[in-house]
Amino acid sequence: MGLFTGLLLLPLAPVRGTIWVAEQLAAEAERELDDERIVRRLLLEAEAALERGELSEAEYDVIEDELLERLEVVAP
């Protein structure tokens, strides 16, 4: 990048930095959704919440179905 180009684009540096941070956050969120260990941990936490009475059977079924679908995608 030349000196003049750098000077012209300098006011856009905060915007480019914000975009980079947003891209990194999106990538990390996607990795977490695709991590088999996290999905299994969430499934165990939901089961424990059901046993403690924090979730109804219907709520647990919805959560379980969603997590099992994610698990099928992550670990076929």
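Hi everyone, let's start with one residue: Trp20 has a relative accessible area of 52%, so it counts as exposed, since the cut-off for exposed is over 50%. Before I go on, please keep in mind that this is a predicted model.

Where does Trp20 sit? You'll find Trp20 in helix α2, which covers residues 13–33. Trp20 also has company: together with Val21 and Leu25, Trp20 makes a nonpolar patch of about 330 Å² on the surface.

Now let's step back to the whole chain. Its secondary structure comes to four helices and zero strands, and reading from the N terminus the order is α-α-α-α.

What about the overall dimensions? The C-alpha trace spans about 65 × 30 × 15 Å along its principal axes. The radius of gyration is 21 Å, whereas a compact globule of 76 residues would have one near 11 Å. Buried residues make up 12% of the 76 residues. As for the surface, the accessible area of the chain is about 6100 Å², and 63% of that belongs to carbon and sulfur atoms.

Let's finish with charge. The chain carries 7 positive and 19 negative charges, and the mean positions of the two groups are 10 Å apart. Which residues gather in a patch of negative charge on the surface? They are Glu57, Asp61, Asp65, Glu66, Glu69 and Glu72. Take Glu72 from that group: Glu72 lies in helix α4, residues 57–74, and with 60% relative accessibility Glu72 is exposed too.

Thanks for listening, and do have a look at the model yourselves!

Terms used:
Residues are numbered from 1 along each chain as its sequence is written. This is a predicted model: local features need pLDDT of at least 70, side-chain atom pairs count only at pLDDT 80 or more; totals for chains, interfaces and linings use all residues. Side-chain values use heavy atoms; hydrogens and water are left out. Patches are made of residues with over 30% relative accessible area and no salt bridge: like charges are joined within 9 Å, nonpolar side chains (Val, Leu, Ile, Met, Phe, Trp, Tyr) within 5 Å. Accessible areas come from the Shrake-Rupley method with a 1.4 Å probe; for residues, only the protein chains shown count as cover. A salt bridge is a side-chain nitrogen of Lys or Arg within 4 Å of a carboxyl oxygen of Asp or Glu. Helices (H or I, at least four residues) and strands (E, at least two) are DSSP runs, numbered from the N terminus. Buried means under 20% relative accessible area, exposed over 50%, partly exposed in between (1.4 Å probe, protein chains only). Lys and Arg count as positive and Asp and Glu as negative; His and the chain ends are not counted. The place of a charge is taken as NZ of Lys, CZ of Arg, CG of Asp or CD of Glu. The radius of gyration is taken over C-alpha atoms; the globule rule is 2.2 Å times the number of residues to the power 0.38.
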